[in-house]
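I sat down with this one to go through the fold piece by piece. These are my notes, in the order I looked things up.

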Amino acid sequence: MKKLLLVLLLPLFLSAQAPIEVSNDTKWEYNLEKALKLAKKSDKNILIYFTGSDWCPPCKMLKKDFFETTQFTEVSANYVTLYVDMPRNQDLLSAEQMKHNKAVVATYNKKGVFPLLKIINNKGKALDEYSGYAMNGDVRYHIQLLEKNK
């Protein structure tokens, strides 16, 4: 019985440790400075996604309902996308990445809201944001934020 349980749960544990790819067609950056350079070079705004990938139920649902859709892939092409994860399991990120993410949270997500979509320009100025997710499949406000700020 224990072996069967282990076999059934092993993929879940392995997927939790795998690098996070929230969309096959969206290239996520993990470093703010690199994202700012890319945004300046391409004259785009930056979409910062703040998530708690291993503890935030709305974040997990938003991944499936929004970030893994063709609609997101299309509209996100107008942005440089930056993924900022704050997992409770400290082993999911390197110490350097966690330090970086905490600094980005301190600058752009001072209230510590998750999930949060924040739009900044290529100079780092905050332009707009949308926080939360009702977990009901309705992502129209998330799409509207991206459409409005491209």
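The entries below go from the sheet to one residue in it, then to the core and a helix.

**Entry 1: the sheet.** I reminded myself that this is a predicted model. I traced the strand order and got E1-E3-E2-E4-E5, an open sheet of 5 strands with mixed pairing. The edges are E1 (28–29) and E5 (126–131), each of which pairs on one side only. Next I checked how E2 and E3 run: residues 45–51 and residues 79–85 are parallel, joined by 7 bridges. In that pair, I found Asn 45 opposite Tyr 79 of E3.

**Entry 2: Thr 51.** I picked Thr 51, which sits in strand E2. Is Thr 51 buried or exposed? I get a relative accessible area of 2%, and the cut-off for buried is under 20%, so Thr 51 counts as buried. Its side chain makes a polar contact with the side chain of Tyr 49, at 3.4 Å. Leaving out residues up to four places away in sequence, I listed what Thr 51 touches: Cys 59, Tyr 83, Val 84, Asp 85, Met 86 and Phe 114.

**Entry 3: the core.** I pulled up the largest nonpolar core and found 38 residues in it. Those with the most contacts inside the core include Tyr 49, Phe 66, Phe 67 and Leu 146. I also noted which elements feed the core with at least two residues each: H2, E2, H3, H4, E3, H5, E4 and H6.

**Entry 4: Leu 146.** I followed Leu 146 outward, again skipping residues up to four places away in sequence. Leu 146 touches Leu 47, Phe 66, Phe 72, Val 75, Tyr 79 and Ile 119.

**Entry 5: helix H6.** Which residues of H6 are buried? I have His 142, Ile 143, Leu 145 and Leu 146. They span an arc of only 155° around the axis, so they sit on the same side of H6. That fits the textbook picture: an α-helix has 3.6 residues a turn, so residues three or four places apart point the same way. I then looked at what covers these buried residues, and the cover includes E2, H3, H4, E3, E4 and E5.

**Entry 6: the end of the walk.** I finished on Lys 148, which is also in helix H6. Its relative accessible area is 59%, and exposed means over 50%, so Lys 148 is exposed. Last, I took the C-alpha to C-alpha distance from Lys 148 to Asp 128: they are 20 residues apart in sequence and 9.3 Å apart in space.

Conventions
Residues numbered from 1 in each chain as written. Predicted model: local features only at pLDDT ≥ 70, side-chain atom pairs only at ≥ 80, totals over all residues. Heavy atoms only, no water. Pairing = 2+ DSSP bridges. Helix = DSSP H or I, 4+ residues; strand = E, 2+ residues; numbered from the N terminus. Buried < 20%, exposed > 50% of the residue type's maximum accessible area, 1.4 Å probe, protein only. Polar contact = N/O pair within 3.5 Å; in protein donor to acceptor, adjacent residues only side chain to side chain. Contact = heavy atoms within 4.5 Å. Core = buried A, V, L, I, M, F, W, Y, C linked by side-chain atoms within 4.5 Å. Arc of directions from axis to C-beta.
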